[in-house]
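The exercises below are meant to be worked through with the sequence and the model side by side. Each task is followed by a solution that proceeds step by step.

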Amino acid sequence: MRYKNTLKGTRGQQEMVGLAIIMVMVAVILLVFLGFSLNNSDKDIVENYEVSSFIQSLLQYNTQCHSDRQYLEVKDLIFSCSNQQNCENSIDSCELLNNTMSEIIDSSWNVNEDSPIQGYEFFIYSNGEALINLEKGNTTQNYKGSVQDYTTGGNTIEIMFKAFF
């Protein structure tokens with residue numbers, strides 16, 4: 001009689017060990033899938049609000065252009081370039097605008113093969129005429145972008161930025 005009870009207890013222990021092994025295997029598989037899903041989320045790091053915020057902050061940047069004893073912000077420099085006005089310190093406003101935009105964008109958006117950002121396009125139009133046209137890297141079907149329009153003194157300025165990933 002004792003011999004039969006010992007077999008029943010052993011069989012129960014074997015089933016518990018088997019269940020524990022299955023649970024450990026399922027947990028490992030879930031962790032692997034979770035790891036892959038978290039790694040793939042890095043590719044979509046740019047959101048539309050980030051691009052829009054970038055344009056807004058870009059417009060507030062102070063440039064090296066003097067006018068009325070103060071430095072002009074980018075948005076004012078855009079109007080100076082659109083009206084073909086030079087800065088008081090004898091700097092061509094369009095050339096300064098192009099150089100400033102290029103420096104800011106290149107330092108803000110890391111474009112290379114190892115980066116999630118594969119390229120960008122940046123355009124400034126004044127009354128439909130292109131003032132600035134900056135492009136770098138590859139254009140892809142996946143991008144986030146924003147457009148900012150504003151008007152002053154009859155000039156309509158349109159700023160477009162797309163980040164490709």
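**Exercise 1. Aromatic pairs**

How many aromatic pairs does the structure hold?

*Solution.* The structure, which is a predicted model, holds 8 aromatic pairs. One of them is formed by W109 and F161, whose rings lie 5.2 Å apart centre to centre with 40° between the planes, so that the pair counts as tilted, this class falling between the stacked limit of 30 degrees and the edge-to-face limit of 60. This pair links distant parts of the chain, since W109 sits in the loop between α4 and β3 while F161 belongs to strand β6, 52 residues apart. Both partners can then be checked for exposure: W109 is buried, with a relative accessible area of 10%, and F161 also counts as buried, at 1% relative accessibility. Widening the view, ring pairs join W109 and F161 with F54, Y120 and F122 into a cluster.

**Exercise 2. Overall layout and confidence**

Describe the order of helices and strands in the chain, and then decide where the prediction deserves the most caution.

*Solution.* Begin with the count, which is 4 helices and 6 strands; along the sequence they follow the pattern α-α-β-β-α-α-β-β-β-β. Next, look at how the chain folds back on itself: among contacts between residues at least 6 apart in sequence, 52% join residues at least 24 apart. Of the 165 residues, 28% count as buried, and the chain exposes about 11,200 Å², of which carbon and sulfur atoms supply 51%. Finally, turn to confidence. The mean pLDDT of the chain is 85, with 89% of its residues reaching 70 or more. Among the elements, helix α1 (residues 2–40) has the lowest mean pLDDT, at 76, whereas strand β3 (residues 119–126) has the highest, at 94. As a general caution, predicted coordinates should not be read in detail where pLDDT is low.

**Exercise 3. Two helices with a buried face**

For α2 and α4, which residues of each helix are buried, and what covers them?

*Solution.* Take α2 (residues 48–59) as the starting point: its 12 residues reach 17 Å from the first C-alpha to the last, close to the expected 16 Å. Its buried residues are V51, F54, I55, L58 and L59. Seen down the axis of α2, these fall within an arc of 130°, so they line one face of the helix. The spacing is easier to follow if one recalls that an α-helix has 3.6 residues a turn, so residues three or four places apart point the same way. The cover over the buried residues of α2 includes β2 (70–73), α3, α4 (93–108), β3, β5 (143–152) and β6 (155–164).

Repeat the steps for α4, which has 16 residues and reaches 22 Å between its end C-alpha atoms, close to the 22 Å expected. Here the buried residues are S93, L96, L97, T100, M101, I104 and I105. Because they fall within an arc of 145° when seen down the axis, they too line one face of the helix. They pack against α2, β1 (62–67), α3, β3, β4 (129–137) and β6. On the face turned away from this buried side, α4 carries the exposed residues E95, E103 and S107.

**Exercise 4. An enclosed helix**

Why can helix α3 be called largely enclosed by the rest of the structure?

*Solution.* Count first: 7 of the 9 residues of α3 (residues 74–82) are buried, so the helix is largely enclosed by the rest of the structure. Then identify them, namely V74, L77, I78, F79, S80, C81 and S82. Continuing just past the end of α3, one meets Q84, which takes a positive phi of about 55°.

**Exercise 5. Positive phi in two loops**

Locate S90 and N127 and compare their surroundings.

*Solution.* Keep in mind that most residues other than glycine have a negative phi. S90, although not a glycine, has a positive phi of about 60°; it lies in the loop between α3 and α4 and counts as exposed, at 69% relative accessibility. N127 likewise has a positive phi, near 50°, but is found in the loop between β3 and β4 and is partly exposed, with a relative accessible area of 47%.

Methods. Residues are numbered from 1 along each chain as its sequence is written. This is a predicted model: local features need pLDDT of at least 70, side-chain atom pairs count only at pLDDT 80 or more; totals for chains, interfaces and linings use all residues. Side-chain values use heavy atoms; hydrogens and water are left out. Buried means under 20% relative accessible area, exposed over 50%, partly exposed in between (1.4 Å probe, protein chains only). Contact means heavy atoms within 4.5 Å. Accessible areas come from the Shrake-Rupley method with a 1.4 Å probe; for residues, only the protein chains shown count as cover. pLDDT is the predictor's confidence in each residue, from 0 to 100. The expected span of a helix is 1.5 Å times one less than its number of residues. The arc is that of the directions from the helix axis to the C-beta atoms. Rings of Phe, Tyr and Trp (its six-membered ring) pair if their centres lie within 6.5 Å; planes under 30 degrees apart count as stacked, over 60 as edge-to-face and the rest as tilted.
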